[in-house]
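Reader: Please take me through the charged pairs and the nonpolar packing of this structure. Short reasoning will do.

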Amino acid sequence: MTAETKTDLSGVDLTEESLRISELFYSLQGEARDSGLPTVFVRLTGCPLRCTYCDSEYAFYGGERMTLADILQKVRSYPARHVCVTGGEPLAQPNCLPLLTALCDAGYRVSLETSGAMPVDAVDARVSRVVDLKTPASGEQSRNRLENIPLLGPADQVKFVICDRGDYDWARFTLDQYRLAERVGEVLFSPSYEQLSPRQLAEWILEDGLPVRMQIQLHKLLWGDVPGV
């Protein structure tokens with residue numbers, strides 16, 4: 001090992017491992033349990049899914065190749081102690097796993113936003129996994145990897161993006177079928193941006209008394225539907 005080689009606490013050579021990064025930026029977390037919290041976002045390039053409501057299609061291709069050492073150095077340049085690894089589908093790149101571990105080893109609180117179409121069993125146990133179960137209107141319901149659900153626990157979160165009443169009814173059934181409110185720390189119902197009225201979703205949730213947290217994408221309310229915020 002040369003003097004220039006950088007390693008994390010587990011001895012992984014950070015200068016050898018690399019990922020294709022679509023964007024790396026500092027903003028407020030707009031969704032999930034930590035909504036409103038200053039956060040560093042590491043958006044990985046690539047996704048095997050094509051959801052009808054996707055708001056990050058620009059991350060399907062391109063991006064910049066960065067080593068884990070370079071990523072950590074950039075993350076450290078911001079004041080936040082929370083890091084969100086997202087995509088695309090971050091787990092589509094195998095080196096996402098050592099990135100998550102390196103971030104945890106560096107003392108960050110780490111969340112992973114994943115489509116639920118990839119296995120989550122190898123994700124570092126210190127990471128909060130935010131699993132987006134795909135509703136029928138997403139066009140990708142068949143890609144849900146339901147084997148992931150029994151692996152989730154109190155530190156994890158499950159999200160449903162709701163496009164219409166059919167999606168809501170499906171999500172409500174899935175909530176009951178897998179007893180998600182008892183299994184994970186948060187169950188999140190989110191109205192698809194400019195597709196379902198937030199007020200309508202709120203009224204459905206209240207009418208049925210669901211044990212879920214409704215969320216509205218805070219970053220879009222503040223800055224609009226643009227990348228990098």
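**Charged pairs and cores**

Author: Arg-179 is exposed, as is Glu-182. The model is predicted. The two residues form a salt bridge, and the closest N and O atoms of Arg-179 and Glu-182 are 2.9 Å apart.

Reader: Is Asp-124 buried or exposed?
Author: Asp-124 forms a salt bridge with Arg-126. Arg-126 has 46% relative accessibility and so counts as partly exposed. The cut-off for buried is under 20%. Asp-124 has 15% relative accessibility, so Asp-124 counts as buried.

Reader: How many residues apart are Arg-129 and Asp-156?
Author: The side chains of Arg-129 and Asp-156 meet in a salt bridge, at 2.9 Å from N to O. Arg-129 lies in strand E6 and Asp-156 in the loop between E6 and strand E7, so the pair links distant parts of the chain, 27 residues apart.

Reader: How many salt bridges does a search of the whole structure find?
Author: Some salt bridges share partners, and these join Glu-31, Asp-132, Lys-134 and Lys-159 into one network. For the whole structure, the search finds 15.

Reader: Which helix gives the largest share of the largest nonpolar core?
Author: The largest nonpolar core has 48 residues, and Val-42, Ile-71, Val-85, Phe-160 and Phe-189 are those with the most contacts inside it. Six residues, the largest share of this core, come from helix H2.

Reader: Leaving aside neighbours within four places in sequence, which residues is Ile-71 in contact with?
Author: Ile-71 is among the residues with the most contacts inside the largest nonpolar core. Beyond those neighbours, the contacts of Ile-71 are Leu-19, Ile-21, Leu-24, Val-42, Met-66 and Leu-99.

Definitions and conventions: Residues numbered from 1 in each chain as written. Predicted model: local features only at pLDDT ≥ 70, side-chain atom pairs only at ≥ 80, totals over all residues. Heavy atoms only, no water. Core = buried A, V, L, I, M, F, W, Y, C linked by side-chain atoms within 4.5 Å. Buried < 20%, exposed > 50% of the residue type's maximum accessible area, 1.4 Å probe, protein only. Helix = DSSP H or I, 4+ residues; strand = E, 2+ residues; numbered from the N terminus. Contact = heavy atoms within 4.5 Å. Salt bridge = Lys/Arg side-chain N within 4 Å of Asp/Glu carboxyl O.
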